[in-house]
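Student: I should like to understand the terms used for this structure. May I ask about them in turn?

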Amino acid sequence: MRQTILTVPTSGPGLYEFTGEAARFVREAGVKAGLLTLFVRHTSCSLLIQENADPDVRRDLDTFFSRLVPPSDDKSMGWITHRLEGPDDMPAHIKAALTQTSIGIPVMEGRMVLGTWQGLYLFEHRTRPHRREVALHLG
């Protein structure tokens, strides 16, 4: 069993790929078969496995979620009561609730079993920069 914490710096909303860092962790662990579990330690961002070939996919996903859950100062979001941390905070919690905070990926022959175009992403939902932590557990 191996564990580590990756720090993913963000500069605003969007998808931040960390496939390379996770692959390096698996490779250096020397585990030939197992399950890599990833868990983000925050409530206003999430994890995704998504296409890593065409950046338009990431832009479209970000735009979709921005339209689905606009900031709380948008008139359509007048029902929101949690507003203490700014207009992006409660929408960020909603977006995180709609996605996922934990992902499991099989490891075979010492490598993550990702598809050809799949990458690992931290999906930042807040507007200001953060240093997000992703816990990796390989067992």
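The dialogue below takes up strands, salt bridges, burial and a pocket.

Tutor: This is a predicted model, in which local features need pLDDT of at least 70, side-chain atom pairs count only at pLDDT 80 or more, and totals for chains, interfaces and linings use all residues. Residues are numbered from 1 along each chain as its sequence is written, and side-chain values use heavy atoms, with hydrogens and water left out.

Student: Why are strand 2 and strand 7 said to pair?

Tutor: Strands are DSSP runs of E with at least two residues, helices are runs of H or I with at least four, and both are numbered from the N terminus. Two strands pair if DSSP finds at least two bridges between them. Strand 2 and strand 7 (residues 118–124) have 4 bridges in the antiparallel sense, so the rule is met. One of the partnerships joins Glu 17 to Tyr 121 in strand 7.

Student: What makes strand 2 and strand 4 edge strands?

Tutor: The open sheet has 3 strands in the order 2-7-4, with antiparallel pairing. Strand 2 (14–17) and strand 4 (45–51) each pair on one side only, which is what the word "edge" refers to. Neighbouring strands of this sheet are turned by 40° against each other on average, direction ignored; the axes are lines fitted to C-alpha atoms, for helices over the stretch in contact, and angles run from 0 to 180 degrees between N-to-C directions.

Student: How do you know that strand 3 pairs with strand 5 and with strand 8?

Tutor: Strand 3 (residues 34–40) is joined to strand 5 by 6 antiparallel bridges, and to strand 8 by 5 bridges, also antiparallel. Both pairings therefore satisfy the rule of at least two bridges. Leu 35 has Pro 106 as its bridge partner in strand 5, while Val 40 has Val 134 in strand 8.

Student: Why is the contact of Glu 85 and Arg 126 called a salt bridge?

Tutor: The term requires a side-chain nitrogen of Lys or Arg within 4 Å of a carboxyl oxygen of Asp or Glu. For Glu 85 and Arg 126 the N to O distance is 3.9 Å, so the pair qualifies. By this rule the count comes to 6 salt bridges.

Student: What does the pair of Glu 85 and Arg 126 tie together?

Tutor: Glu 85 lies in the loop between helix 2 (55–68) and helix 3 (89–98), and Arg 126 in the loop between strand 7 and strand 8 (130–138), so the pair links parts that are 41 residues apart in sequence. Asp 88 also meets Arg 126 in a salt bridge, at 2.8 Å from N to O. That pair joins the same two loops, so it ties together parts 38 residues apart in sequence.

Student: Which of Glu 85, Asp 88 and Arg 126 count as buried?

Tutor: Buried means under 20% relative accessible area, exposed over 50%, and partly exposed in between (1.4 Å probe, protein chains only). Arg 126, at 6%, is therefore buried, and so is Asp 88, at 11%. Glu 85, at 48%, counts as partly exposed.

Student: How do you know that Glu 124 and Arg 132 form a salt bridge, and are they buried or exposed?

Tutor: Their closest N and O atoms are 2.7 Å apart, so the pair lies within the cut-off. Glu 124 has 0% relative accessibility and is thus buried; Arg 132, at 3%, is buried as well. Salt bridges that share partners join Glu 85, Asp 88, Asp 89 and Arg 126 into one network.

Student: What makes Glu 109 exposed?

Tutor: Its relative accessibility is 72%, so Glu 109 counts as exposed. Glu 109 is found in the loop between strand 5 (102–108) and strand 6, and its phi is near 50°, a positive value in a residue other than glycine.

Student: Which elements give two or more residues to the lining of the largest pocket?

Tutor: They are helix 1 (19–29) and strand 6 (111–112). The largest share, 4 residues, comes from helix 1. Among the lining residues are Thr 19, Ala 23, Arg 111 and Met 112.

Definitions and conventions: On a 1 Å grid over the protein atoms alone, a cavity is a set of points where a 1.4 Å probe fits but cannot get out, and a pocket is an open set with protein on both sides within 12 Å along at least five of seven lines; lining residues have an atom within 4 Å of a point.
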